[in-house]
Amino acid sequence: MSAARAELADLAGREYAYGFSTDLDTDFAPRGLSEDVIRLISAKKGEPDWLLDWRLGAYRHWCTLAEPTWQNVTHPPIDYDDIIYYAAPKKNAALSSMDEVDPEVRAMFDKLGISLAEQERLSGVAVDAVVDSVSVATTFQARLAEAGVIFCSFSQAVRDHPDLVRAYLGSVVPYRDNFFAALNSAVFTDGSFCYVPEGVVCPMELSTYFRINAAGTGQFERTLIVAERGARVSYLEGCTAPMRDEHQLHAAVVELVALDDATIKYSTVQNWYPGDAEGNGGVYNFVTKRGRAAGARSKISWTQVETGSAITWKYPGVVLQGDGSVGEFYSVAVSAGHQQADTGTKMIHIGKDTKSTIVSKAISTGHGQNTYRGLVKMLRSATGARNHTRCDSLLIGPDCGAHTFPYVEVKHPTCQVEHEATTSKVSDDQLFYARQRGIPEEEATSMIVNGFCREVFRELPMEFAVEAQRLLSVSLEGAVG
Amino acid sequence: MLLIDDLHVSIGDSEILSGVSLEVPDGEIHAVMGPNGSGKSTLAHVLAGRDPYEVTAGRVLYEGVDLLAMVPEERAAAGVFLGFQHPVEIPGVPTMYFLRTALNAQRRARGQEELGPVEFLALVDAKRRLVEMERALLDRAVNDGFSGGERKRNEILQMLILEPRLAVLDETDSGLDIDALRVVAAGVTTLRSPDRSALVITHHQRLLDHLVPDRVHVLAGGRIVRSGGPDLAAELEAHGYATLGGPAVESLTVSTGTVSTGTAR
Ligand SMILES: Nc1ncnc2c1ncn2[C@@H]1O[C@H](COP(=O)(O)OP(=O)(O)OP(=O)(O)O)[C@@H](O)[C@H]1O
Ligand SMILES: [Mg+2]
């Protein structure tokens, strides 16, 4: 790469198209965290006692923990007393129809390209819209209900289906799991809930759209998806945040449970604000996601495209409990500018003949640092278990880095683990070949990088694959070289 | 069409081309032959704008404008095509998609309307029959796992779709079986017209038998040491480069000791 181009790559910031904030009338909890704040959140939401007790248990446990330091990222210390743990757009009484959604909120989603009303009419994708931790609208509920599928905000699920929530909440990610999971369990404000009954194939894609809007707030949502025997569901989450010059904390928990022969496909297109060209601001995305392939022949598949956030720390995993269950993890993680990503997966094989597949594509440009960290663990009971891992890193420019930390623990001799890893650059030969055919340099780079990610993108639902490619191209703008 | 005037090219400290002059008029096909390592691919790459080569002196005019001032994609849009000696793989990028992106990028740059998917498909189907390529090959990623011969056919297919004014073909005939050679020759002949030209780099007489070039040039020691009509190729075929008369060839024998074995076939 020529010096001039290197300079260009450094100078060219990336345009973040979702960086506006909306003036919503918002209800806040006081800054900082205490049992009182937790009681306040729980009271505001009219929660049952068992849930408040659970939150307080989580909080007390959290107080005994220290922030983890093993991950390959650096950031200034987070002041947990300086965060607002509850922010909700005020006009948020239970809605009986889409027409009641606050016009300001609607306008905000229109601007994001997600018109809630249009979504309901046209796209055939049911959307739960979450702003600053609170669900503001869920589309398509009636049609889903016909099929027996419950898809609603977490708060509504606590009100209307308390037994289901109580049975599964914390069953995959207990609050003792880690620092951020404990924090989330104490203060989570909303999220999405989905329940697909026995034998039902969910008639449409489900999606939740997360938006951090208010300043100084953290976002702590919780998602719980349960697929009963033979059920199938595909779910997608998308995320954006305004440009702010302070860091914002996002610490979510996602739990998936798949019973016998059930399939859950969970896709994420994460585009939180990554911070500016100097590394100021941006979202800290510290997320715990795990699925329990509890039943025989059940399948849980994670696909993630991580283009945003200043720091990403997440390891969507699968506990392969049922015999013959399948876990998959397909990931594209981009770190451009000063972004840091430490991401990967955990595949815990317990049942016989369980099978997991890991495909990780890490792209680093600018000063980005990208770490793949993955655990494949096969217990003594997991006879005949198999894993295939493929980790490819792509470097664009001289100042970025890629790191791979695979951990493998195998306790039975019949298990098979395969690991392939490559690190490459966008080669000058490839770039020149494309340019010789008339494709401008930036478009050529983006095309080559998209090709690198193809195995992962083809796992996404069609319309989101297009969106993911577009986001990737935007992330790479100015990163040519 | 193309005027190369006293072109000097270096990589790092070593000079590879030391004053190449060559003119290709409109409508003509010129062949460039020469021993291994004499700078043929270097010349081709410099015409296409490849990066590490440094032009230290001389100029190149393409249709009267300074070709060296343009970036590679501008040259492509202006009608310069390079058939690579070693076409690269681009994993994950389907050939069809690549071709359409390339054609539309060129059309955009020329202010023409882009081709929609249906028209494009029709175009590709017509052209790929000319080069006898299966559609299935085009659904695979660019050159990914293609055999040597398939890659070369793919170069010709791209040339036929992009319809360049000036095609520079770098050993597109090397490593081909007899049928493939015929296909490549037919491809170049299809494009032959009064307003298109080609510079064909080859080691083999047999391609030139099909093409019948207007001129044949011999590049050796970084210079054109001899130019002639189609007969020159036959003469080289019979006697090799070492038997070329004249002072230029003596200096050539001095500068590279293995010249005559260098024409290995
Ligand atoms: N990137 C490079 N770095 C260093 N030397 C180079 C580079 N590219 C070419 N050369 C040298 O320049 C000389 C000319 O190479 P070039 O590829 O142009 O030869 P050629 O005539 O095409 O040979 P062949 O018939 O074998 O294809 C060779 O000695 C080669 O080693
Ligand atoms: Mg060569």
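## Exercises on a two-chain model with ligands

B:Q85 has a relative accessibility of 22% and therefore counts as partly exposed, a class that lies between buried (under 20% relative accessible area) and exposed (over 50%), with a 1.4 Å probe and protein chains only. The model is predicted, so local features need pLDDT of at least 70 and side-chain atom pairs pLDDT 80 or more, while totals for chains, interfaces and linings use all residues. Residues are numbered from 1 along each chain as its sequence is written, chains are lettered from A and ligands numbered from 1 in the order written, and side-chain values use heavy atoms, leaving out hydrogens and water.

### Exercise 1: the metal site

Find which residues coordinate the magnesium ion (ligand 2), and work out which parts of chain B the pair ties together.

*Solution.*
- Step 1. Look for donors, which are N, O and S atoms within 2.8 Å of the metal (3.2 Å for Na, K and Ca); water is not among the atoms, so a site may look incomplete.
- Step 2. The search gives OG of B:S41 and OE1 of B:Q85, at 2.0 to 2.2 Å.
- Step 3. Place both residues: B:S41 is in helix α1 (residues 40-48) of chain B, and B:Q85 is in the loop between β6 (80-83) and β7 (90-94), so the two donors link parts 44 residues apart in sequence. Helices here are DSSP runs of H or I with at least four residues, strands are E runs of at least two, and both are numbered from the N terminus.

### Exercise 2: the shell around ligand 1

Describe which residues surround ligand 1 and which polar atoms approach its oxygen and nitrogen atoms.

*Solution.*
- Step 1. Collect the residues with a heavy atom within 4 Å of the ligand. There are 14, and the closest are B:G37, B:K40, B:S41, B:T42 and B:H203.
- Step 2. Sort the shell by type: 4 nonpolar, 8 polar and 2 charged. Here Ala, Val, Leu, Ile, Met, Phe, Trp, Tyr, Cys and Pro are nonpolar, Asp, Glu, Lys and Arg are charged, and the others, Gly among them, are polar.
- Step 3. Ask which element gives the most: α1(B), with 3 residues.
- Step 4. Check the short distances. A backbone N or O atom of B:G37 is 2.8 Å from a ligand oxygen, and a polar side-chain atom of B:K40 is 2.7 Å from an oxygen of ligand 1. On the nitrogen side, an N or O atom in the side chain of B:Y53 is 3.4 Å from a nitrogen of the ligand.
- Step 5. Finish with the cover: ligand 1 has 640 Å² of accessible area on its own, and the protein covers 61% of that. The areas come from the Shrake-Rupley method with a 1.4 Å probe.

### Exercise 3: an open sheet in chain B

Give the strand order of the open sheet of 4 strands in chain B, and then say which strands are at the edge.

*Solution.*
- Step 1. Two strands pair if DSSP finds at least two bridges between them.
- Step 2. The order is β2-β1-β4-β5, with antiparallel pairing. The edges are β2 (14-24) and β5 (65-66), each pairing on one side only.
- Step 3. Count bridges for β1 (residues 2-11): 7 join this strand to β4 (residues 54-62), and 8 join β1(B) to β2(B).
- Step 4. Pick out opposite residues: B:D5 faces B:R59 in β4(B), while B:V9 faces B:L17 in β2(B).
- Step 5. Inspect the turn: the β1(B)-β2(B) hairpin has 2 residues between the strands, and B:G12 has a positive phi near 55°.

### Exercise 4: positive phi outside glycine

Locate B:E63 and B:E132, and give the phi of each.

*Solution.*
- Step 1. Recall the background: most residues other than glycine have a negative phi.
- Step 2. B:E63 is in the loop between β4 and β5 of chain B, with a positive phi of about 50°. B:E63 is partly exposed, at 36%.
- Step 3. B:E132 is in the loop between α4 (117-130) and α5 (135-139) of chain B, with a positive phi near 55°. B:E132 is partly exposed too, at 44%.

### Exercise 5: A:E237

Is A:E237 buried or exposed, and what contact joins its side chain to A:K289?

*Solution.*
- Step 1. A:E237 sits in strand β9 (residues 232-240) of chain A and is buried, at 3% relative accessible area.
- Step 2. The side chains of A:E237 and A:K289 share a polar contact of 2.2 Å. A polar contact is a pair of N or O atoms within 3.5 Å; within protein, one must be able to donate a hydrogen and the other to accept it, and residues adjacent in sequence count only if both atoms are side-chain atoms.
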